[in-house]
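The following exercises are to be worked with the sequence and the coordinates at hand. Each task is followed by a solution in steps.

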Amino acid sequence: MTRRLSALEATLAVLFVLMTVVSVTLITLMATGKAHTGPESFLIGLGRADCTGPAADIPLMGYAVPQQTAAGIHTRLYSRAFIIDDGRRRVVFVTADVGMISQRLRLEVLRALQLKYGDLYRQDNVVLSGTHTHSGPAGYFQYTLFMISCKGFMKESIEPLVNGIVKSIDIAHSSIRSGRIFRSRGELEDSSLNRSPHSYLNNPESERRRYKWNTDKQVLVLKFTNLHGDGIGMLSWFAVHAVSMNYTNRMVSSDNMGYASYLLEQDKNRGQLPGQGGFVAGFSSSNLGDVSPNTKGPHCMNTGLPCDYLNSSCPVGGTKQCGAFGPGADMFESTRIIGHSIYMKAKELYGTAVEEVTGVLHSAHQWVNMTDVTVQINATHTASTCKPALGHSFAAGTTDGGGDLNFTQGAVEGDPFWDGIRNALVGEPSNQSQACHHPKPILFNTGEMNWPLPWHPQIVDVQIITVGSVAVVAVPGEMTTMSGRRLREAVKQELQSEGAFRDSEVVIAGLSNMYTHYITTFEEYQVQRYEGASTIYGPHTLSAYLQKYRRLARAIAQDRVSELPVGPEPPFFTKKLFNLLPAPRIDRKPVNTSFGDVLLQVLPVYRPGDVVSVTFVAGNPRNSGDIRDKTFVTVEIHDNRTNTWEVVYTDASWETRFHWLKGSFQRSKATVDWFVPAAAPSGSYRIKHFGNFKEKKDVFKPYEGTSDVFTVTGSFYYQ
């Protein structure tokens, strides 16, 4: 006789089976190390790390002004990494406060990642992008043109960048957790202008009519949250040059884009010092080739009158006297205004981002020999890219920083004087190169110059990563506004051609993976302003890139990325790299002083809005070695309750400036300025300076100095 199960027993049996199934499933997932994130979530990791290099002697990268060498810190430089994983694939996007990513920098980062993580992070799924600050240390290129202009290849410059970028990825890797991504898009006006409008107007009128502006005003924001909806980070793109800090600046600075990051991170990481806190805010460059933040436009500095429209020069002083400034009274105020505007727009879009990014990840990458790409001009004709060359207008510079010699923008004919000097020094360009680059009059035929190493790269990275419907196109140079529009349109067309991608958002990440100067449209190239003269692979450069990126996008749309050929691997030079910058000499000090002694003391009392200044006996900052995650400066407030000093500002803070002055007989001074903010609490303060001095060869000793205690008060009057 069988016993009938009661309803309770049946229920318990079903629950037991369900619990067993759930337990087995969880154990299996844990064993495989992969968690299914669901259709509306990803695995997300964010990281930020200091990548500040030497703050003295090293040339600053961007303006190519020989006398613009580092002499202090305005703000520190950071690398910000964003890792996204859909359970099958993983992508990494890094935006770093650096002039541009060089090929050597990328290769060294990839080698370091391979040693740590094997094949997890590779050339196809890692994008490195530079913010394009022109106030970061140079010396991290392996090609001769850049080594000459930057005093060589310097380990002390490239190592902080490599280590900082890798550390930011390490932090992101270790913080991976389930999260969600939202996107938002808006426009930011009054923060940019086209610095080559004459070139832009050479584009077809029918094409120009499609756009309201002659620069891209779009801001794209990706908002990262945890599964509870709490914000953990933000990544945005906006097209503007980071040249609010001009060529007279000699302090390491992250410029306007870095200041935007600083503001949002300080906003979200309340109570934390700069570079600390879990919220990571990345502001990335885009198609900024012809876009300036100097919104007052170009004027002759000696007369105040507008510069010549066609060639951006002045009747007296030529191109050097033609400069664009604004919107502020000086470069610091302009940096603050532009950076704050970018921050405010990104914060607004971050706060309203509700469109969720879902779907899968893709990454496609190829190495391409850009010196010999055949492009289809029409149904019957083809053309080719060229060996690299720079035109005469390259030497004219731009309205953001003009050249010293008598070159002007818009030159379509050579100059017999300069051509003669060039021929005597490096040889005449071949007829083939001259014909290929026409109408560019070649100043330096870098593609035919290979001593001691090639002057320009031949092998170039092209890469696209997609996160759901968002496609990030990593461009190895500075695309102009219209070039970027054509590229975005081409990539979007290919992605949506197969039906797998709908409502795609295509964004260009400029200055990515390596540097090949500028990329203009064919029409802009004919005008031969600075950007056209710096389009090194010839008039069909953009057409070649469109062709290559279309192919990547098509492979992604068809899910056939694995069939793409890898392409020719770029060189990694180990010999003939040179360094023209001597090691810092032994530090000396005035008689009867010690390093860290105060030479110019603070005043007893200050009010908000004042500038506190103190000068110390100092060593050469280069003698402090790796300065990442350290500081030369602290501003400290006294806590009367605990009788201790609390650090409230460092040299990473916008409110401080660290100036280094190389004196005679190797006697250095360091001046620290603290701009007392309006919100500074009343109390007792002091300023400290830290550093190392070189006592003798290979012997470095730390020192520190402290100012007198001073008071910050809202009023000099007491009741």
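The exercises below concern a predicted model and proceed from the whole chain to individual residues.

**Exercise 1. Overall form**

Determine what radius of gyration a compact globule with 719 residues would have, and compare the chain with that value.

Solution.
- Step 1. For 719 residues, a compact globule would have a radius of gyration near 27 Å.
- Step 2. The chain has 27 Å, which agrees with this expectation.
- Step 3. The C-alpha trace spans about 110 × 85 × 50 Å along its principal axes.
- Step 4. Buried residues account for 58% of the 719 residues, and the accessible surface of the chain comes to about 29900 Å². Carbon and sulfur atoms hold 54% of that surface.
- Step 5. The chain contains 14 helices and 38 strands. Of its contacts with a separation of 6 or more, 76% join residues 24 or more positions apart.

**Exercise 2. Nonpolar cores**

Identify the residues with the most contacts inside the largest nonpolar core, and state which helix contributes the largest share of this core.

Solution.
- Step 1. The largest nonpolar core has 71 residues. Those with the most contacts inside it are Leu105, Tyr140, Ile169, Trp674 and Phe710.
- Step 2. Helix α4 (residues 155-174) supplies the largest share of this core, namely seven residues.
- Step 3. Leaving aside residues up to four places away in sequence, Trp674 touches Asp610, Val611, Val612, Val635, Tyr649, Glu655, Thr656, Tyr685, Ile687, Phe710 and Val712. Phe710 thus appears both among these neighbours and among the core residues with the most contacts.
- Step 4. A second, separate core has 38 residues, including Val373, Met449, Tyr549 and Leu564.
- Step 5. As general background, nonpolar side chains in soluble globular proteins tend to be buried together.

**Exercise 3. A nonpolar patch on the surface**

Name the residues that make the nonpolar surface patch of about 390 Å².

Solution.
- Step 1. The patch is made by Phe417, Ile421, Leu425 and Val426.
- Step 2. Ile421 is located in helix α9 (residues 416-425).
- Step 3. The relative accessibility of Ile421 is 32%, so this residue counts as partly exposed.

**Exercise 4. Salt bridges**

For the salt bridge between arginine 622 and aspartate 57, establish which parts of the chain the pair ties together.

Solution.
- Step 1. The count of salt bridges comes to 41.
- Step 2. In the pair formed by arginine 622 and aspartate 57, the closest N and O atoms are 3.2 Å apart.
- Step 3. Arginine 622 belongs to the loop between β31 (611-618) and β32 (633-639), and aspartate 57 to strand β2 (residues 56-61); the pair therefore ties together parts that are 565 residues apart in sequence.
- Step 4. Both arginine 622 and aspartate 57 are buried.
- Step 5. Lysine 345 and glutamate 348 also meet in a salt bridge, at 3.3 Å from N to O. They are three residues apart in helix α8 (residues 331-352), so about one helical turn separates them. Lysine 345 is buried at 14% relative accessible area, whereas glutamate 348 is partly exposed at 43%.
- Step 6. Arginine 560 and glutamate 563 form a salt bridge with their closest N and O atoms 2.9 Å apart. Here arginine 560 counts as partly exposed at 42% relative accessibility, and glutamate 563 is exposed with a relative accessible area of 53%.
- Step 7. A network of salt bridges links Arg48, Arg80, Asp97 and Glu265.

**Exercise 5. Backbone geometry**

Is asparagine 513 buried or exposed, and is aspartate 629 buried or exposed? Relate the answers to the phi values of asparagine 513 and aspartate 629, then locate the cis bonds that precede proline 439 and proline 452.

Solution.
- Step 1. In general, most residues other than glycine have a negative phi, and most peptide bonds are trans.
- Step 2. Asparagine 513 has a positive phi, near 70 degrees, and lies in the loop between β27 (505-509) and β28 (518-519). Its relative accessibility is 0%, so asparagine 513 counts as buried.
- Step 3. Aspartate 629 has a positive phi near 60 degrees and is found in the loop between β31 and β32. With 52% relative accessibility, aspartate 629 counts as exposed.
- Step 4. The bond from histidine 438 to proline 439 is cis, with omega near 10 degrees; proline 439 lies in the loop between α10 (431-437) and β23 (442-444).
- Step 5. The bond from tryptophan 451 to proline 452 is likewise cis, with omega near -5 degrees. Proline 452 is placed in the loop between β23 and β24 (459-467).

Technical notes:
Residues are numbered from 1 along each chain as its sequence is written. This is a predicted model: local features need pLDDT of at least 70, side-chain atom pairs count only at pLDDT 80 or more; totals for chains, interfaces and linings use all residues. Side-chain values use heavy atoms; hydrogens and water are left out. A nonpolar core is a set of buried Ala, Val, Leu, Ile, Met, Phe, Trp, Tyr and Cys residues joined through side-chain atoms within 4.5 Å. Buried means under 20% relative accessible area, exposed over 50%, partly exposed in between (1.4 Å probe, protein chains only). Helices (H or I, at least four residues) and strands (E, at least two) are DSSP runs, numbered from the N terminus. Contact means heavy atoms within 4.5 Å. A salt bridge is a side-chain nitrogen of Lys or Arg within 4 Å of a carboxyl oxygen of Asp or Glu. Patches are made of residues with over 30% relative accessible area and no salt bridge: like charges are joined within 9 Å, nonpolar side chains (Val, Leu, Ile, Met, Phe, Trp, Tyr) within 5 Å. Accessible areas come from the Shrake-Rupley method with a 1.4 Å probe; for residues, only the protein chains shown count as cover. The radius of gyration is taken over C-alpha atoms; the globule rule is 2.2 Å times the number of residues to the power 0.38.
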